[in-house]
Amino acid sequence: QVQLVESGGGLVQPGGSLRLSCAASGIIFSIYRMNWYRQAPGKQRELVAAITSGGSTNYADSVKGRFTISRDNAKSTVYLQMNSLKPEDTAVYSCNADIRGARGTNDYWGQGTQVTVSS
């Protein structure tokens, strides 16, 4: 069974930095697009950043220039480096990926990690 497990969330002051990680485990043949989403209380979930298997990236306008998505294919892991954090970045961050495993290609989600930006 394929699983995605996030880590790295926490409480940080405005202007600070955090690095989120999301590791895939299980029987994995290929990992295609990997994404980071976030959902703040009372708001819809939004796509924060995405990276293809070839390394092409795109970002939400609200995080461009502050967040960087990257991946280590050998470790089946995607990262989100978050700098210059703002209170409005407070949300539950979840990773998502299209993965080809023993049961074909499916869409998987992690359990989410809380990021709180507050003084």
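Let's start with a word we'll need: a residue counts as buried when its relative accessible area is under 20%. Keep in mind, too, that what you're looking at is a predicted model.

Now find R38 and D89. Both of them are buried, and their side chains meet in a salt bridge, with 2.9 Å from N to O. Side chains of opposite charge can pair when their charged atoms come close. Along the chain these two partners are 51 residues apart: R38 belongs to strand β4, while D89 is in the loop between β8 and β9.

D89 has another partner as well. Its side chain also forms a salt bridge with R66, at 2.8 Å from N to O. This pair links distant parts of the chain too, since R66 sits in the loop between β6 and β7, 23 residues from D89. Like D89, R66 is buried. Follow the shared partners and you get one network that joins R38, E46, R66 and D89.

How many salt bridges turn up in the whole structure? A search finds 4. One of them pairs K64 with D61, at 3.1 Å from N to O. Here the setting is another story: D61 has a relative accessible area of 65%, so it is exposed.

Next, look for the cysteines. A disulfide is a covalent bond between the sulfur atoms of two cysteines. This structure holds 1, formed by C22 and C95, whose sulfur atoms are 1.9 Å apart. It ties strand β3, home of C22, to strand β9, home of C95, across 73 residues of chain. The link is right-handed, with 50 degrees about the S-S bond, and both cysteines are buried.

What about the nonpolar side chains? The largest nonpolar core has 30 residues, and W36, L80, M82 and Y93 have the most contacts inside it. Several strands supply at least two residues each, among them β3, β4 and β11. The largest share, 5 residues, comes from β9.

Finally, some aromatic rings. There is 1 aromatic pair, made by Y37 and W109: the ring centres are 5.0 Å apart and the planes meet at 50 degrees, so the pair is tilted. Y37 lies in strand β4 and W109 in strand β10, 72 residues apart. W109 is partly exposed, with a relative accessible area of 33%. Y37 has company on its face as well: R45 lies over it, 5.4 Å from the ring centre. Elsewhere, R19 lies over the face of Y79, at 4.0 Å from the ring centre.

How values were computed: Residues are numbered from 1 along each chain as its sequence is written. This is a predicted model: local features need pLDDT of at least 70, side-chain atom pairs count only at pLDDT 80 or more; totals for chains, interfaces and linings use all residues. Side-chain values use heavy atoms; hydrogens and water are left out. A disulfide is a pair of cysteine sulfur atoms within 2.5 Å. Helices (H or I, at least four residues) and strands (E, at least two) are DSSP runs, numbered from the N terminus. Buried means under 20% relative accessible area, exposed over 50%, partly exposed in between (1.4 Å probe, protein chains only). A nonpolar core is a set of buried Ala, Val, Leu, Ile, Met, Phe, Trp, Tyr and Cys residues joined through side-chain atoms within 4.5 Å. Rings of Phe, Tyr and Trp (its six-membered ring) pair if their centres lie within 6.5 Å; planes under 30 degrees apart count as stacked, over 60 as edge-to-face and the rest as tilted. A charge sits over a ring if NZ of Lys or CZ of Arg is within 6 Å of the ring centre and within 35 degrees of the ring normal.
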